[in-house]
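Q: Several labels are used for this model, and each rests on a cut-off. Please set each value against its definition.

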Amino acid sequence: VTKGVILVGGPSKGTRMRPLTLDCPKPLLPIAGKPMVWHPLAALAQVPGLTEVLLVGFYEDSVMAPFVREAQREFPNIKISYLPEYRSLGTAGGLYHFRDSILRAPVPQHIFICNIDIATSFPFAELLEVHNKHRGVGTIMGVPVKKEVATRYGSIVHDPETAQVLHYVEKPQGWISNTANGGVYLFDKALFDEIKVAMDEKTARAAEDPLVVLDENLQLEQDVIERLAAAKKLYVYESKDFWRQIKTAASAVTANALYLQRFEKTHPDLLTKGPNITAPVYVHPTATIDPSAKVGPNVAIGPHVFLGEGARVVNAIILDNSTIDKHAVVVNAIVGSNSTLGQWARVDGEPEPETEVKGKISVSVLASDVQVLPETHVRSCIVLPNKSLSKNAANQVLL
Ligand code: GDD
Ligand code: GTP
């Protein structure tokens, strides 16, 4: 038996996604027309023999419940539930707190665990294949990253022959490896014994050191994986497939494009075709698109969106209930819920750069309920909710 756990985080996470996450929690933010959490969930639902997926996070139950209900209907072959932490317990604290639920019968031999804020193909079958070849407790998906950014991730040093992890450091001070932790794991149920050891050690430290606070908070990366690597109980599967973090609005637009391109192979039924549509494009069935509007590539259009005559949308996410009036243009941007672009308005930006430059805005983001008045041009701006823009603006945050 195999189960899956998705670490969905909570309201204090994903702050770099503001203002989008002000009214939509990050796991539910639509990427390629589906909530972010749908993508790992749909991939898990394809794993042969997987019985159950548990979403673990510190959002209120009511935040995740509608999604869980809907997903349960869409994936009736697996059991889906949300386990709310009473407060942020860290990436291993929640696993430990809910160990009885996760290990409940049918008792899983293997557990896939993944982060939510990544866009990847979730190669679970490949991970399992590597895992079955060794006697380690876990297999971690490694991804290649550039040296300049390697310290932003968990760093993996491994033996290329045996795939054994020799050394793991979470977000090291200095460069140690170009193989990063991709945030997707396969563990034997013995993981829970390892977490218990880490928890007991923390308890012992807290008894000795008044500066160590005794709580249930524990990090999978620092407290468990670093130790597993030191004990040579961890192996790596090096993914060659696409992989990105989704931390910023710009990276959400990139993830949107990657997932739409992937849908061409995995879910062609979800994509829309047409004379003025350049694939891949997702259009929600309730959206209205004028036949003369030009859409794509890499565009996702949400529920009840209206696109007027001659409107143009490229590399963008348009959230629910927004209106893009006649001849308005959206390029490299996210348009939030209930926003309006007047006739001939233009909201554009640069595509996400390979390495983000601090303080420089690339992709434009309109939060919810923003109005861009006719003929107004907004370039590389972040616009907060309820703003009405009548003047051109570039490279600024509009409060
Ligand atoms: N349930 C729960 N509780 N989930 C959490 C908590 C928590 O307290 N804190 C974080 N998460 C979830 C996040 O939602 C996300 O899915 C995942 O855990 C990791 O988030 P972060 O702790 O913010 O780490 P990170 O994204 O900066 O780095 C992690 O991912 C990288 C790959 O994207 C690490 O695992 C790195 O090693 C890795 O390279
Ligand atoms: P996550 O993004 O989900 O981790 O949570 P968050 O958005 O709440 O994180 P936050 O915005 O608090 O950023 C976490 C820390 O990472 C902050 O100190 C940021 O300055 C820093 N940070 C900003 N950009 C990056 C980046 O591209 N990579 C990394 N590793 N850290 C960054």
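A: A residue is called buried if 20 or more other C-beta atoms lie within 10 Å of its own, exposed if 12 or fewer, and partly exposed in between, with C-beta atoms placed from the backbone. Helices (H or I, at least four residues) and strands (E, at least two) are DSSP runs numbered from the N terminus. The model is predicted: local features need pLDDT of at least 70 and side-chain atom pairs count only at pLDDT 80 or more, while totals for chains, interfaces and linings use all residues. Residues are numbered from 1 along each chain as its sequence is written, and chains are lettered from A and ligands numbered from 1 in the order in which they are written.

Q: What makes helix H1 largely enclosed?
A: H1 covers residues 38-45, and 6 of its 8 residues are buried, so the rest of the structure largely encloses this helix. The buried residues are Trp 38, His 39, Pro 40, Leu 41, Ala 43 and Leu 44.

Q: Why is Val 47 called buried or exposed?
A: Val 47 has 20 other C-beta atoms within 10 Å, so it is buried. Val 47 is in the loop between H1 and E4. Leaving out residues up to four places away in sequence, Val 47 touches Thr 2 and Phe 124; a contact means C-beta atoms, placed from the backbone, within 7 Å. The C-alpha atoms of Val 47 and Phe 124 are separated by 7.1 Å, although the two residues are 77 residues apart along the chain.

Q: How do you know that both faces of E6 are covered?
A: In a regular strand, side chains alternate between the two faces of the sheet. On one side of E6, His 110, Phe 112 and Cys 114 are buried, and on the other Ile 111, Ile 113 and Asn 115 are buried. With 6 of the 6 residues of E6 (residues 110-115) buried, this strand is therefore largely enclosed by the rest of the structure.

Q: What makes E6 a partner of E1 and of E11?
A: Two strands pair if DSSP finds at least two bridges between them. E1 and E6 are joined by 6 bridges and run parallel, with Gly 4 bridged to Phe 112 of E6. E6 and E11 are antiparallel and share 5 bridges; Cys 114 has Val 184 of E11 as its bridge partner.

Q: Which residues count as surrounding ligand 2, and how many are charged?
A: A residue counts if its C-beta atom, placed from the backbone, lies within 6 Å of the molecule. Lys 13, Gly 14, Thr 15, Arg 16, Asp 117, Arg 152, Lys 247 and Glu 356 surround ligand 2. Asp, Glu, Lys and Arg are classed as charged, Ala, Val, Leu, Ile, Met, Phe, Trp, Tyr, Cys and Pro as nonpolar, and the others, Gly among them, as polar. The shell of ligand 2 therefore has 6 charged, 2 polar and no nonpolar residues.

Q: What makes up the shell around ligand 1?
A: Ligand 1 is surrounded by 26 residues, the closest being Gly 9, Asn 115, Tyr 153, Gly 154 and Asn 181. By class, 9 are nonpolar, 12 polar and 5 charged. E11 gives the most, with 4 residues.

Q: Why is the protein chain called as compact as a globular protein of its length?
A: The chain has 8 helices and 30 strands. Its radius of gyration is 22 Å, close to the 21 Å that the globule rule gives for 399 residues, so the chain is as compact as a globular protein of that length. The radius is taken over C-alpha atoms, and the rule is 2.2 Å times the number of residues to the power 0.38.

Terms used: Two residues are in contact if their C-beta atoms, placed from the backbone, lie within 7 Å.
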